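Hi everyone, thanks for coming. I'd like to walk you through one structure today, going from the whole chain down to single residues. Have a look at it first.

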Amino acid sequence: MILARLLSILQFCCIPLVVIAALPGVGQEPTALIRVIVQANDIPLSGAVVKVLGRIYQTDTHGMATFRLPPGRIDLKINAAGYTPQSTAVTAAAGQEQEITVVLEKVKEESITVSATRTDANLDDIPTRVEVLPAEEIEEKVSMTPGDVAMMLNEMGGLRVQATSPSLGAASVRVQGMRGRYTRFLSDGLPLFGQQVGGLGILQIPPMDLGQVEVIKGVSSALYGAGAMGGVVNLISRHPTDEPIREFLLNQSTRGATDVVFYGSNHLRHGWSASLTSSANFQLKNDINGDGWADLAGYQRVVVRPRFYWENGTGTNAFLTAGVTYEDRRGGTVDDRALPPTGLPYRESLESRNVDVGGKWQTLIEQRVVIGLRFAASKRVHRHVFGEVLERDVHDSSFAEATVRTSFRKHTIVAGAAVEADRYSPRDVPEFKYKHLTPGIFFQDDVDLKPWLSISASGRFDHHNVYGSFFSPRIAVLARKDGWSGRLAVGQGFSPATPLVEETEAAGLKRLIIPRSLRAERGKNFTFDLTKRAGAVSGTVTLFGSRVNDPLAVDRETFTLTNLRRPTINHGAELLFSFRPEDISVTGYYTYVRATEVEGSQRREVALTPRHSAGLDLMWEEERKFRLGVELYYTGKQRLEANPYRLESRGYILVGFLAQRWFGRVRAFINAENLTGVRQTDYDPLIRPTRAVDGRWTVDAWAPLDGRVFNGGVRFSF
């Protein structure tokens, strides 16, 4: 019986080899010699990919790829990172030589290559919906908040940056109403921020070195394992260009924030290039409404991140990065003033020291197989003070992955294995320490069934050392015709249970009660979207729904963390539209989210999740001369909890304005945020009349605390 099974497995494994051997061009029939020369702006383009009959060829330093083809008409696809893909055909004649020149143009927004789906395919050709924030829009956001990526993400439809700690300004990113702990953050495809990004993680990422932001909404565990149950945000860095770049930015706000950022990149020798980003950010404590409590926490932060790139022009490339972050935050009462309910000062602070390193390497074997390796490791040391309570901890994360990617006929297949380790060591509350180890294997097959129909099927098997084994399947379908495209995706995933949730980010662990063993959260999700493009106009309607079984929840009245017996259910819709003629850009979104959970025997809406939100962004730009923009954002009512002043928030509208002017290598900018002057403390106090069970003196932040803010500065190249 065992021998029969082994023979059966061997026969199954040999099928792909038989199929590959049967492909055209492998036999002994006469062939034609084909030379493809790829150019951009009359300059040979090395490293471009030519795909033909399931094989992959890369151009050399002269922009040339040479191969042999059997007689007949054969289609070729040519693409390169940052350029619009091209398709052409060649009619090969036995024994003849042919030379073809293909000219690639710089990529436009509608032709963007994405890496979050692991296939490095064109945005329009992948079944999985990926929303992309391109370099042009990132440039706009850098002038608004040079210190972090929070505003940039908050202004994308379906994403909401939710404040988790008004005392220190921490925040998390919620995707389509899912809690922030379900969002997986990557940097160039690497989990440099660890599995638990935390409420301060996104506030420590400077955006000036970003070239693209990719967002996958919905369960993505089949692609990225644990912690990707709500979605994935992949921050892609700027790749060094042929010319050296040195940029310096100085920004100052009316609330006492100062940002100094440097970005530089250059080509080195022997295929190497490098970039360096460093920033220093400062914020003064601000007691805006004069009640003695800091509405804006003060902080000082330094970030340094070098990146190194290497490629040999024959299909092998490598990437290496490291980062250091040093930050101190101070909140609570200001100038040793007394907290009114106690008559004593109250201080809250967080010192964080973060170090990370990561890299990836890939090579092309025999023009058909791409082998890839990735790794990342990070260490985060925190010293958190909550009044009289001191909590110190160390968070270590590590990751390694090996993948194989190949293409034949209509299939692009990715298979691999990965292992992640996550260790939390709290010094002052050791009962909450944990050590998680999760090895896994995964498989993905993208199939082009027809020119108008594609399917992506993927699955992942993970074994968690605490919570057992999980299988995470996902399937996505893309159909296109006459400017219309529709996508449907269904998947499921999991998230290991830890005490590090949004509530403990704000209040600490000292008072937390976990009455019984926690269970891993398990989620299912579907999304359906329909997109229409007609010239400069495009629009997308998305329907989505998710269900999380055994969701973790904190009872704010007892500060108890448990798994709820009944699931959390989210459903809603998004409407995205854009109008982009030559010099004008108009983009907008509307999001409806209904997120509910069960308390006792009754289902209620999840707190701090507005049903309705909308945004409109108008930008007028003349390249390298000026940029003018106006933004309007609406946030609807939200259910509140543990708030003695109200059960439901007010809806509000924010208005912003941006102006930039180029003067040669220098650009000056001024930005106005929240011109309507919305402040939560105009409606109710931020300070509670009595201390909450979890130790907090503040209510949750459901509206801006800083009010009207202006910032301005200069950015110049040298």
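**A walk through the chain**

So, to start with, 56% of the 718 residues of the chain count as buried. Buried here means under 20% relative accessible area, exposed means over 50%, and partly exposed is in between, with a 1.4 Å probe and protein chains only.

Quick housekeeping. This is a predicted model, where local features need pLDDT of at least 70, side-chain atom pairs count only at pLDDT 80 or more, and totals for chains, interfaces and linings use all residues. Residues are numbered from 1 along each chain as its sequence is written, and side-chain values use heavy atoms, with hydrogens and water left out.

Okay, the overall picture. The chain has five helices and 41 strands. Those are DSSP runs, numbered from the N terminus: H or I with at least four residues for helices, E with at least two for strands. The C-alpha atoms fill a box of roughly 95 × 75 × 45 Å along the principal axes. How does the radius of gyration fit a compact globule? A compact globule of 718 residues would have one near 27 Å, and the chain has 26 Å, which agrees. That radius is taken over C-alpha atoms, and the globule rule is 2.2 Å times the number of residues to the power 0.38.

Next, contacts, meaning heavy atoms within 4.5 Å. Of the contacts with a separation of 6 or more, 63% are between residues 24 or more positions apart. As for charge, there are 84 positive and 79 negative side chains, and the centres of the two sets lie 4 Å apart. Lys and Arg count as positive, Asp and Glu as negative, and His and the chain ends are not counted. The place of a charge is NZ of Lys, CZ of Arg, CG of Asp or CD of Glu.

Let's zoom in on strand β14, residues 183–187. Is β14 enclosed or open? Five of its five residues are buried, so β14 is largely enclosed by the rest of the structure. T183, F185 and S187 point one way, R184 and L186 point the other way, and all are buried. β14 runs parallel to strand β16 (residues 231–237), with five bridges joining them, and F185 stands opposite V233. By the way, two strands pair if DSSP finds at least two bridges between them.

Now compare that with β17, residues 245–253. Here the side chains alternate: I245, E247, L249, N251 and S253 point to one face and are buried, while R246, F248, L250 and Q252 point to the other and are not. What does β17 pair with? On one hand there's β18 (residues 257–267), antiparallel over eight bridges, where V261 is the bridge partner of L249. β17 and β18 form a hairpin with three residues between them, and G256 in the turn has a positive phi of about 85 degrees. On the other hand, seven bridges join β17 to β41, again antiparallel, and there F716 is the partner of F248.

There's another run of antiparallel pairs earlier in the chain. β3 (residues 49–52) pairs with β6 (residues 72–79) over three bridges, and β6 pairs with β7 (residues 86–92) over seven. I78 in β6 is a nice one to find: it's the bridge partner of V50 and stands opposite Q86 in β7.

While we're on phi angles: most residues other than glycine have a negative phi. Two residues go against that. Q176 has a positive phi of about 50 degrees without being a glycine, and R624 has one of about 60 degrees, also not a glycine. Q176 sits in the loop between β13 (170–175) and β14, and R624 in the loop between β37 (612–622) and β38 (626–635). Which is buried and which is exposed? Q176 is buried, with a relative accessible area of 4%, whereas R624 is exposed at 51%.

Last stop, two residues to click on. A322, in strand β21 (residues 317–332), is partly exposed at 28%. Its contacts beyond four places in sequence are V304, R305, P306, D356 and V357. V678 lies in the loop between β40 (666–673) and β41 (709–717) and is buried at 9%. V678 touches Y652, I653, L654, P704 and G707, leaving out residues up to four places away.

That's my tour, thanks for listening!
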